[in-house]
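Trainee: I would like to learn how to read pockets and a nonpolar core in a model. Where do we start?

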Amino acid sequence: MKVDGRCLCGYLSYEAEVDPDSVSICSCTDCQVLAGSAFRVTVQVTGDFKFLAGKPKTYVKVADSGNRRVLAFCPECGTSVYSRPVDGAEGFFGLRVGSLRQRDSLVPQSHYRSRSAQSWIEHISDLPKFDGDS
């Protein structure tokens, strides 16, 4: 599936080929901190990925496993864009679904690190719902 996205401020824009069946939620504590939320939603890049505008800031994170991951985000507004292996290493290249225009079509198929999930996630659908300005 061809997707495109941008950061909140519009400094970065990009496009990629992804596998819509690979969308996942991760509730590990690192993803909670990085997302500023209870979890992060990611889709696997399976083909080309390219920035159409802007250059991201990157940070190399060392996972509990010892694997090194490059995290990319907008240097202006902080929007998270992707996580990928360091150059030359094999592994999962994941785009952050929230920054993609097609996010409504990218439904999570799995939930990783659910042991670290916040207990209240199971009850989100029970919360009162409001629409309006934020």
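Mentor: With the pocket: on a 1 Å grid over the protein atoms alone, it is an open set of points where a 1.4 Å probe fits, with protein on both sides within 12 Å along at least five of seven lines, and lining residues have an atom within 4 Å of a point. This is a predicted model, where local features need pLDDT of at least 70 and side-chain atom pairs pLDDT 80 or more, while totals for chains, interfaces and linings use all residues. Residues are numbered from 1 along each chain, and side-chain values use heavy atoms, without hydrogens and water.

Trainee: Which residues lie nearest the centre of the second largest pocket?

Mentor: Ser 80, Arg 96, Val 97, Gly 98 and Ser 99, out of 15 lining residues.

Trainee: Which residues are closest to the centre of the largest pocket?

Mentor: Cys 26, Cys 28, Cys 31, Arg 69 and Arg 113, of the 32 that line the largest pocket.

Trainee: And how do I read a nonpolar core?

Mentor: In soluble globular proteins, nonpolar side chains tend to be buried together. A core is a set of buried (under 20% relative accessible area, 1.4 Å probe, protein chains only) Ala, Val, Leu, Ile, Met, Phe, Trp, Tyr and Cys residues joined through side-chain atoms within 4.5 Å. The largest one here has 20 residues; among those touching the most other members are Val 18, Val 43 and Tyr 82.

Trainee: What is Tyr 82 in contact with?

Mentor: Contact means heavy atoms within 4.5 Å. Leaving aside neighbours within four places in sequence, the partners of Tyr 82 include Phe 49, Phe 51, Val 70, Phe 93 and Arg 96. Arg 96 is also one of the residues nearest the centre of the second largest pocket.

Trainee: What classes make up the two linings?

Mentor: Ala, Val, Leu, Ile, Met, Phe, Trp, Tyr, Cys and Pro count as nonpolar, Asp, Glu, Lys and Arg as charged, and the others as polar. The largest pocket has twelve nonpolar, ten polar and ten charged lining residues; the second largest has seven, four and four.

Note on methods. Buried means under 20% relative accessible area, exposed over 50%, partly exposed in between (1.4 Å probe, protein chains only).
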